[in-house]
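This report is written for a reader who meets the structure for the first time. It should be read with the sequence and the three-dimensional view side by side.

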Amino acid sequence: QVQLAESGGGLVQAGSSLRLSCTASGRTFSNYAMGWFRQAPGEEREFVAAISWNGGKSAYVDSVKGRFTISRDNAKNTVYLQMNSLKPEDTAVYFCAGRKFLIPPVGTYSQYHDYDTWGQGTQVTVSS
């Protein structure tokens, strides 16, 4: 079973940028559909972004469209979430999620139950 490790969170001011990284252990990373979710205190875990095996397709929750960009580097077993123009409402723990397919997945997946592997999360706090 692959393990996922997020990094890059922190405390920033509104309007700032952060880039989250999620690195996977093991091989065949290109066979994994990857996504980012977030969870604010007292809230359910929310889909943020997802990406297909080669980055050809991506999907975002409406609240981050135009501000966040998901990308991946299969040679480095890493998926990224570039977050620009951060807002206080983006404050949450951000989780990386993955699901392995027998062949590289061409689609994106936005549901919590679509994924079977999760990182430990990284805190993002945006001050006003």
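F47 has a relative accessible area of 13% and is therefore buried, since the limit for that label is under 20%. The model in which this value was computed is a predicted one.

## Aromatic residues

F47 has an aromatic partner in F37, and the arrangement of the two rings is edge-to-face. F37 is likewise placed among the buried residues, because its relative accessibility is 1%. F37 belongs to strand β4 (residues 32–39) and F47 to strand β5 (residues 46–51), so this pair ties together parts that are 10 residues apart in sequence.

A second edge-to-face pair is formed by Y115 and W118. Here the two partners fall into separate classes of accessibility: Y115 is buried, with a relative accessible area of 6%, whereas W118, at 23%, counts as partly exposed.

A pair of aromatic rings is described by the distance of the centres and the angle of the planes. The table gives both values for the two pairs.

| Aromatic pair | Centre to centre | Angle between the planes |
|---|---|---|
| F37 and F47 | 5.7 Å | 75° |
| Y115 and W118 | 6.2 Å | 70° |

The whole structure holds six aromatic pairs. The four residues of the table also belong to one aromatic cluster, made up of F37, F47, Y112, Y115 and W118.

Two arginine residues lie over aromatic rings. R45 is placed over the face of W118, at 5.0 Å from the ring centre. R72 is placed over the face of F29, and the distance from the ring centre is 4.6 Å.

## The disulfide

How many disulfides does the model contain? The count comes to one. It is formed by C22 and C96, whose sulfur atoms are 2.0 Å apart. The angle about the S-S bond is -75°, and the link of C22 and C96 is left-handed. Because C22 lies in strand β3 (residues 18–24) and C96 in strand β9 (residues 92–100), the pair ties together parts that are 74 residues apart in sequence. Are C22 and C96 buried or exposed? Both C22 and C96 are buried.

## Strands and their pairing

Strands of a sheet pair through backbone hydrogen bonds, either parallel or antiparallel. Both senses occur in this model, as the following pairings show.

An open sheet is formed by four strands in the order β1-β3-β8-β7, with antiparallel pairing. Its edge strands are β1 (4–7) and β7 (68–73), each of which pairs on one side only. On average, neighbouring strands of this sheet are turned by 15° against each other, direction ignored. Within the sheet, β7 and strand β8 (residues 78–83) run antiparallel and are joined by six bridges. One residue of β8, M83, is the bridge partner of F68.

Strand β11 (residues 122–127) takes part in pairings of both senses. With strand β2 (residues 10–13), β11 pairs in the parallel sense over four bridges, and V12 stands opposite V126 of β11. With β9, β11 runs antiparallel, and three bridges join the two; A92 stands opposite V124 of β11.

Strand β11 also has two faces. T122, V124 and V126 make up the covered face, while Q123, T125 and S127 make up the uncovered one.

## Two buried residues and their surroundings

V126 lies in strand β11. Its relative accessibility is 5%, and V126 therefore counts as buried. Which residues does V126 contact, leaving aside its neighbours within four places in sequence? The contacts of V126 are V12, Q13, A14, L86, K87, P88, D90 and T91. The C-alpha atoms of V126 and S85 are separated by 10 Å, and the two residues are 41 residues apart along the chain.

R67 is located in the loop between β6 (58–60) and β7. Because its relative accessibility is 10%, R67 counts as buried. Not counting residues up to four places away in sequence, R67 touches Q82, M83, N84, S85, L86, K87 and D90. L86, K87 and D90 thus appear among the contacts of R67 and among those of V126. R67 and T78 are 11 residues apart in sequence, and their C-alpha atoms are 20 Å apart in space.

Note on methods
Residues numbered from 1 in each chain as written. Predicted model: local features only at pLDDT ≥ 70, side-chain atom pairs only at ≥ 80, totals over all residues. Heavy atoms only, no water. Disulfide = S-S within 2.5 Å. Buried < 20%, exposed > 50% of the residue type's maximum accessible area, 1.4 Å probe, protein only. Pairing = 2+ DSSP bridges. Axes fitted to C-alpha atoms, helices over the stretch in contact; angles between N-to-C directions. Contact = heavy atoms within 4.5 Å. Phe/Tyr/Trp six-rings, centres within 6.5 Å; stacked < 30°, edge-to-face > 60°. Lys NZ or Arg CZ within 6 Å of the ring centre and 35° of its normal.
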